[in-house]
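Trainee: Could you take me through the sheet in this one, slowly, strand by strand? I'd also like to hear what lies around it.

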Amino acid sequence: MAQHKSIEIDFISELKTKEVCIDEDLINTVLRNLLSNAIKFTRNNNSILVSCGETKDEIIISIQDNGIGISPENLNKLFRKDTHLTTYGTNKEKGTGLGLNMCKEFIDMHNGRIWV
């Protein structure tokens, strides 16, 4: 999808930690979904930055795009099970509206946090 839209994905890691205890499949699913969303809402010929860092107690993974953004009224609807929110991407890509709910559930299973 990124190649089709001529989107460059840059990666920066400042991790010093060698091992973490996670369910690799669940975290890969979260990362795939978040990256897919970033691509979906980024206009052609742009870039996305994936970065990893850490604090004393946390590994922090950030996916930053310069896409179309999220309206203020939709920000509080993200990650909620009781709200179905789906919008078209910059090339009319469709979504199910379920991905961010699933991401939150998988991150919660790891006692983590997810935010926008």
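Mentor: Let's start with one pair of residues: I48 has D65 as its bridge partner in β3. That pair belongs to a set of 7 bridges joining β2 to β3, and these two strands run antiparallel. Follow the chain from one to the other and you will find a hairpin, with 4 residues between β2 and β3. Do keep in mind that we are looking at a predicted model.

Now turn to the other neighbour of β2, which spans residues 47-54. Here 6 bridges link β2 to β1, and the two run parallel. One place to find this pairing is S13, whose bridge partner in β2 is C52. Put the strands together and you have an open sheet of 3 strands in the order β1-β2-β3, with mixed pairing. The edges are β1 (8-13) and β3 (59-65), each of which pairs on one side only. From one strand to the next, the twist averages 15°.

Next, look at what lies across the sheet. Helix α1, residues 24-41, lies across β1, β2 and β3, and runs at about 20° to β3. A good residue to pick out in helix α1 is N33. Its relative accessibility is 17%, and because the cut-off for buried is under 20%, N33 counts as buried. Setting aside neighbours within four places in sequence, N33 is in contact with G99, L100 and C103.

Those partners bring us to helix α3, which covers residues 99-109 and includes N101. N101 has a relative accessibility of 14%, so it too counts as buried. Beyond its neighbours within four places in sequence, N101 is in contact with F79, R80, K81 and T83.

Finally, come back to the surface. Between β1 and α1 there is a loop, and I22 is found in it. I22 counts as partly exposed because its relative accessibility is 42%. It belongs to a nonpolar surface patch together with L15, V20, I59 and I61. Taken together, the residues of this patch have about 380 Å² of accessible area.

If you want to retrace the path on your screen, begin at I48 and its partner D65 in β3, cross to S13 and its partner C52 in β2, and then move to helix α1, which lies across β1, β2 and β3.

Definitions and conventions: Residues are numbered from 1 along each chain as its sequence is written. This is a predicted model: local features need pLDDT of at least 70, side-chain atom pairs count only at pLDDT 80 or more; totals for chains, interfaces and linings use all residues. Side-chain values use heavy atoms; hydrogens and water are left out. Two strands pair if DSSP finds at least two bridges between them. Axes are lines fitted to C-alpha atoms, for helices over the stretch in contact, and angles run from 0 to 180 degrees between N-to-C directions. Contact means heavy atoms within 4.5 Å. Buried means under 20% relative accessible area, exposed over 50%, partly exposed in between (1.4 Å probe, protein chains only). Patches are made of residues with over 30% relative accessible area and no salt bridge: like charges are joined within 9 Å, nonpolar side chains (Val, Leu, Ile, Met, Phe, Trp, Tyr) within 5 Å. Accessible areas come from the Shrake-Rupley method with a 1.4 Å probe; for residues, only the protein chains shown count as cover. A salt bridge is a side-chain nitrogen of Lys or Arg within 4 Å of a carboxyl oxygen of Asp or Glu.
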